[in-house]
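Here's a quick briefing on a sheet and the helices that go with it. Have a look at the fold, then read on.

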Amino acid sequence: MLYQLGLILRGLPWTILITAVSLLIGCILGYPIMLGRNARSLPVRLVSIAFISLIRAVPPLVWLFIIFFGVGTGAFSMSPLTAALIGLGLIAATNMAEIYRGGLISIHHGQWEAAQALNLGGAHTFRDVIAPQMFRVALPSSATYAIGLMKDTAIASTIGVPELAYQGARLTQETFQGLKVFGMVGLIYILLSLPIAWLSRRADLYLRAKVAR
Amino acid sequence: MPQQLRVVGQHVGKEAPLALTNKPYVKLEQITKSYGAHTVLRDVNLSVHSGGVLAIIGPSGSGKSTLLRCINYIEPPNKGIVTVGDVTIEGETPVSRRDLRALRSKLGMVFQSFNLFPHLTVLRNITLAQERVLGRTSAEAELIAMQLLTRVGLADKAAQYPSRCSGGQQQRIAIARALALDPKVMLFDEPTSALDPELGLEVLSVMRELATSGMTMIVVTHEMSFAENVSDHVAIMADGCILEYGPSREVIRNPQSARARQFLRAVNER
Ligand SMILES: Nc1ncnc2c1ncn2[C@@H]1O[C@H](COP(=O)(O)OP(=O)(O)OP(=O)(O)O)[C@@H](O)[C@H]1O
Ligand SMILES: [Mg+2]
């Protein structure tokens, strides 16, 4: 049992790595995508909406196949990890863009008006007034999404990234003890989600206490 | 550092001679504004001299806020000419960013709902635009912010977040924030309407002090005592038009039109 757990845990760093990196890609890329989605210029807005819709319309698993078996076998070969990071990163980016947008919409229009009256100008208004409030509002849903994303990294096993689900599948093939093995895998996912939820709650409480309206 | 010698909030500068001529400092000509088919302002003309305090009163929905927001182009009018000091903007031609900036740099605005930045400390609320817009160093900006906070009686709140301040305090902070950019004219949109009477008084006393110091002010208000005693002129609006305009006492005590009399009677009965 301990031996089996040890084998499964070899997948843990991979799961954490994919989750962290694709979330990071999402948090960073989500920002310009959200800006494009809200841009004043209609073409920019349309391209952004089309991009978001396209990414979201295809199941994540299929995106990984397209990237790994499709793009990855062409001119430039790609490791399973790279393919997973690109695929999940893009998916995270479109989801984060929508989460940011939700935060943006929730900001009282008086904030823009005050900034306008103070002559702050578009860039400063966004950077100093709107964006900090937007990120703050987006924090709880981002954390919920981070947990969802962490669970979704299991699909990376299908293209051969040796993360938790992959280790579970391999061990099951050897031992035929699926329930026990995947029970342990499931438990590890639960344990992983706890610190994320805890951190986000702490951050949320801290910010709420500081700036509660 | 010349900033330290400046009397905060008082407007002295190259435009001072204007006050000596008979030219109004703020002039609105034929301002018209509609939302779709709904005309909110029709051919409104108004002017305020340097150092003057104009109160705008009138029933809800008469277009008072819209008029005020047309002055600093937060709400661009469809037609008409806005002149503030040496800046003139015509409603029908496209407005350059430079003109907008020049216009707004002369105008400070205070909102009914305060609109402080909730994620910034009180001090930062007041220094932010000074640094970003006027290019002051943070030391200069903080010095000016502290002087203004002292002026509105809130120096001890500098490090707090706005949410920790009462409504009356927040509104005084909002006044300080606007004053920090050395506006020539202050626009107030029902600054005390969201406050209970006691908190309203502390805001009104700051406004009264501001008026006494010579600030040019345009104040949309329901406070009749402010309109009568602090402002020198009053305009009564109804249905997007100026019903009556004149020296405060005359307009309030001796309104000419039936509509104005009806409105003032309703206000007095409250
Ligand atoms: N953004 C907008 N879109 C459509 N209609 C608007 C908008 N802003 C104001 N209005 C309408 O314009 C009219 C005048 O509004 P305004 O806010 O200027 O009135 P007000 O005199 O300030 O009233 P109050 O005393 O209630 O503040 C109202 O009928 C209002 O419904
Ligand atoms: Mg109003």
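Is the crossing of H6(B) and H7(B) left-handed or right-handed? The crossing of these two helices, H6(B) and H7(B), is right-handed (clockwise turn of the near helix from the far one by less than a right angle; anticlockwise would be left-handed). This is a predicted model, where local features need pLDDT of at least 70, side-chain atom pairs count only at pLDDT 80 or more, and totals for chains, interfaces and linings use all residues. Residues are numbered from 1 along each chain as its sequence is written, chains are lettered from A and ligands numbered from 1 in the order written, and side-chain values use heavy atoms, without hydrogens and water.

**The sheet**
- In chain B, six strands make an open, mixed sheet ordered S6-S7-S8-S3-S9-S10 (strands are DSSP E runs of at least two residues, helices H or I runs of at least four, numbered from the N terminus; pairing takes at least two bridges).
- At the edges sit S6 (107–110) and S10 (241–247) of chain B, each pairing on one side only.
- S3 (53–57) and S9 (233–238) of chain B pair in the parallel sense over four bridges, and B:Ile56 stands opposite B:Ala235.

**The helices**
- H6 (167–179) of chain B lies across S6 and S7 of chain B (contact means heavy atoms within 4.5 Å).
- H6(B) packs against H7 (197–212) of chain B at about 25°, with axes 7 Å apart (axes are lines fitted to C-alpha atoms, for helices over the stretch in contact; angles run from 0 to 180 degrees between N-to-C directions).
- Residues meeting there include B:Ile175 in H6(B) and B:Val206 in H7(B).
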